[in-house]
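Colleague: I would like to test the terms we use for this fold. Show me the structure, and I will ask how you know each thing.

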Amino acid sequence: MRGVYGGRTYYFQFGSDTVNDGVFLEANDVTNGVGETEETVLCAFWCDGDDSFTFHCFRQELPFALVEDFVREARRCVAFGRPLPPDHPGR
């Protein structure tokens, strides 16, 4: 997914992390072009080992709409629609 938020261009990248036993979704700021000065600003990670779902923000200020869309997409594709455990703080 690619979009413009607050005048900057971002894209979401989904991937597998075999070292940490899980999958992730990243939001990358690619305002200056993919592969040039790309910067990861958000990351959601689902650990298959313990079913934990974590969120990391690497920039202090981000457009609220970007964060909303990212969290929605992370819940859809990183958690694969699995319900979070009842005691998970994200519930």
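Colleague: In which loop is Asp51 found?

Modeller: Asp51 is in the loop between strand 4 and strand 5. Keep in mind that this is a predicted model.

Colleague: Why is Asp51 called partly exposed?

Modeller: Its relative accessibility is 37%. Buried means under 20% and exposed means over 50%. The value for Asp51 falls in between, so Asp51 counts as partly exposed.

Colleague: What is the phi of Asp51?

Modeller: Phi is positive there, about 55 degrees, although Asp51 is not a glycine. Asp21 also has a positive phi, about 60 degrees, and is not a glycine either. Asp21 sits in the loop between strand 2 and strand 3. Its relative accessibility is 39%, so Asp21 is partly exposed too.

Colleague: Now the sheet. In what order do the strands lie?

Modeller: Five strands form an open sheet in the order 1-2-3-4-5, with antiparallel pairing.

Colleague: What makes strand 1 and strand 5 edge strands?

Modeller: Each of them pairs on one side only. Strand 1 covers residues 2–5, and strand 5 covers 52–57. From one strand to the next, the twist averages 20 degrees.

Colleague: How do you know that strand 2 and strand 3 pair?

Modeller: Pairing takes at least two bridges. Strand 2, residues 8–17, shares eight bridges with strand 3, so the two count as paired, in the antiparallel sense. Across that pairing, Phe14 stands opposite Leu25 in strand 3.

Colleague: Why is Asn28 called buried?

Modeller: Its relative accessible area is 1%. The cut-off is under 20%, so Asn28 is buried. Asn28 belongs to strand 3, residues 22–29. Beyond its neighbours within four places in sequence, its contacts include Tyr10, Gln13 and Glu38.

Colleague: And the helix? Which strands does helix 1 lie across?

Modeller: Helix 1, residues 64–77, lies across strand 1, strand 2, strand 3, strand 4 and strand 5. It runs at about 30 degrees to strand 4.

Colleague: What span is expected for helix 1?

Modeller: At 1.5 Å a residue, 20 Å is expected. The 14 residues of helix 1 reach 20 Å from first C-alpha to last, which is close to that value.

Colleague: Which residues of helix 1 are buried?

Modeller: Leu66, Phe70, Glu73, Ala74 and Cys77. They cover an arc of only 105 degrees around the axis, so they lie on the same side of helix 1. The strands that help cover these buried residues include strand 1 and strand 5. The face turned away from the buried side carries the exposed residues Phe64, Arg72 and Arg76.

Colleague: Why does Phe70 count as buried?

Modeller: Its relative accessibility is 0%, and that is under 20%, so Phe70 is buried. Among its contacts, leaving aside neighbours within four places in sequence, are Phe12, Leu25, Cys43 and Phe55. Phe70 and Cys43 are 27 residues apart along the chain, yet their C-alpha atoms are separated by 8.8 Å.

Colleague: How many disulfides does the structure hold?

Modeller: Zero. A disulfide needs two cysteine sulfur atoms within 2.5 Å, so no pair here meets that cut-off.

Colleague: Are Cys47 and Cys57 buried or partly exposed?

Modeller: Cys47 has a relative accessible area of 13%, so Cys47 is buried. Cys57 reaches 44%, so Cys57 counts as partly exposed.

Technical notes
Residues numbered from 1 in each chain as written. Predicted model: local features only at pLDDT ≥ 70, side-chain atom pairs only at ≥ 80, totals over all residues. Heavy atoms only, no water. Buried < 20%, exposed > 50% of the residue type's maximum accessible area, 1.4 Å probe, protein only. Helix = DSSP H or I, 4+ residues; strand = E, 2+ residues; numbered from the N terminus. Contact = heavy atoms within 4.5 Å. Axes fitted to C-alpha atoms, helices over the stretch in contact; angles between N-to-C directions. Expected span 1.5 Å × (residues − 1). Arc of directions from axis to C-beta.
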